[in-house]
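Welcome! Below are some exercises with worked solutions, so keep the model open while you read. Try each task yourself before you look at the steps.

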Amino acid sequence: MKSNMIGTLTTVFGDHIKRVVKTSRISGVVNESNVYQEGNPDALEIVDEMVEHLLLPKSGIDGLENLEELFEKAKSGKSCLLLVEHYSNMDLPLVSYLTRKARNQGKENGDSIIAISGMKLNEDNPVVAAFSGAFSRIVICPSRSLQELDPKKDEEEILRCNAINRAAMKALIRNKYKGKIVLVFPSGTRYRPWDPTSKKGVRDIDSYIRSFDYMCFTAINGEVLHVQQTDMMNDAVSKDIVRITVSPVVSCQQFRDNIHAALPDEETDKKQAVADGIMEVLEKMHIEAEPKRLKLLDGND
């Protein structure tokens with residue numbers, strides 16, 4: 001059995017889109033006062049319906065015990081990261097849904113996830129913003145967005161972005177020792193097959209690794225939403241088996257030290273080396289997990 005395209009977000013989930021927009025509590029403009037945004041349970045219920053419609057049987061989490069160990073460390077007061085591959089805007093809904101549906105304390109664990117989210121999800125499209133608002137998030141102005149601004153022409157916007165990022169850092173500090181898991185996409189953007197650079201890790205991820213205690217790498221195999229070169233709402237939808245693979249818990253400091261120790265010389269960009277190391281781990285996990293998932297698709301155990 002293979003995944004099958006069944007339409008686009010707009011054609012398949014038109015009714016869900018209308019319902020989510022009606023429940024939206026999201027401000028269309030991000031500023032330093034609203035960078036932390038609590039998830040909207042009414043919107044989450046609708047997003048869950050969409051996920052359930054797209055997931056085929058045998059979808060689930062491999063390495064669930066690793067994820068549960070990370071949550072236990074977070075509950076004990078440690079700061080913990082979940083570093084996740086990013087293929088589509090369904091990645092966060094999938095991780096959240098499958099975590100909450102897992103055994104034992106799945107719902108409690110899933111509800112404790114806070115995602116780092118780029119401000120364009122709030123500001124570019126009210127529909128995308130409504131869906132994003134289903135999940136608890138800390139909103140930032142990504143470095144890529146800042147780099148695209150002109151220091152002279154965009155001075156006011158640069159000041160706003162810097163203020164947002166300072167407030168986001170304070171919100172991160174307030175939450176990361178409160179039993180929360182902070183979910184970050186190390187690539188900073190969705191992978192787009194026509195743009196290989198979109199799968200490169202962003203240097204900023206090194207700052208998270210440096211300031212957190214523990215982390216798990218998370219690969220996502222299977223696609224229910226396929227990014228297109230047009231508007232996000234035209235992304236193609238398919239049904240598929242999705243397997244999320246979670247690595248054993250890793251010491252952030254040890255991982256960073258190991259990367260630095262392997263660098264050839266002092267002039268190497270250490271931050272980018274850490275980002276590249278993360279993406280290498282995720283890619284390896286993804287490649288190793290795919291044959292197992294394909295066997296499930298073929299009807300084999």
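## Exercise 1: An open sheet

Strand 1 and strand 10 (residues 236-239) run antiparallel and are joined by four bridges. This is a predicted model, in which local features need pLDDT of at least 70, side-chain atom pairs count only at pLDDT 80 or more, and totals for chains, interfaces and linings use all residues. Residues are numbered from 1 along each chain as its sequence is written, and side-chain values use heavy atoms, with hydrogens and water left out.

**Task.** Find the bridge partner of G7 in strand 10, then work out which strands stand at the edges of the sheet.

**Solution.**
- Step 1. Start with the terms: helices (H or I, at least four residues) and strands (E, at least two) are DSSP runs, numbered from the N terminus. Two strands pair if DSSP finds at least two bridges between them.
- Step 2. Go to G7 and look across to strand 10: the bridge partner is V237.
- Step 3. Now widen the view: three strands make up an open sheet, in the order 1-10-9, with antiparallel pairing.
- Step 4. Strand 1 (4-8) and strand 9 (225-226) are the edge strands; each has a single partner strand, so one side of each is left without a neighbour in the sheet.

## Exercise 2: Strand 4 and its partners

**Task.** Decide whether the residues of strand 4 (residues 80-84) are buried or exposed, and name the residues opposite C80 in strand 7 and L83 in strand 8.

**Solution.**
- Step 1. Set the cut-offs: buried means under 20% relative accessible area, exposed means over 50%, and partly exposed lies in between (1.4 Å probe, protein chains only).
- Step 2. Apply them: five of the five residues of strand 4 are buried, so the strand is largely enclosed by the rest of the structure.
- Step 3. Check each face. C80, L82 and V84 lie on one side, L81 and L83 on the other, and both faces are covered.
- Step 4. Look at strand 7 (residues 181-184), which pairs with strand 4 in the parallel sense over four bridges. Here C80 has I181 as its bridge partner.
- Step 5. Turn to strand 8 (residues 214-221), which runs parallel to strand 4 and is joined to it by five bridges. Opposite L83 you will find F217.

## Exercise 3: Strand 5 and helix 5

**Task.** Which way do the residues of strand 5 point, and how many residues of helix 5 are buried?

**Solution.**
- Step 1. Sort the side chains of strand 5: I113, A115 and S117 point one way, while I114, I116 and G118 point the other way.
- Step 2. Six of the six residues of strand 5 (residues 113-118) are buried, so this strand is largely enclosed by the rest of the structure.
- Step 3. Find the partners. Strand 5 pairs with strand 7 in the parallel sense over three bridges, and I114 stands opposite V182 there. Strand 6 (residues 137-140) also runs parallel to strand 5, joined by four bridges, with R137 opposite A115.
- Step 4. Count in helix 5 (residues 91-100): 10 of the 10 residues are buried, so the helix is largely enclosed by the rest of the structure. Among them are D91, Y97 and R100.

## Exercise 4: Charged pairs

**Task.** How far apart are the closest N and O atoms of R210 and D206, and is each residue buried or partly exposed?

**Solution.**
- Step 1. Side chains of opposite charge can pair when their charged atoms come close.
- Step 2. Use the rule for a salt bridge: a side-chain nitrogen of Lys or Arg within 4 Å of a carboxyl oxygen of Asp or Glu. The count by this rule is 20.
- Step 3. R210 and D206 form such a bridge, their closest N and O atoms being 3.5 Å apart. Both lie in helix 11 (residues 205-211), four residues apart, about one turn of the helix.
- Step 4. R210 is partly exposed at 47% relative accessibility, whereas D206 is buried at 1%.
- Step 5. Try another pair: E290 and R293 meet in a salt bridge (2.9 Å, N to O). They sit three residues apart in helix 13 (residues 270-297), about one turn of the helix, and R293 is buried, with a relative accessible area of 6%.
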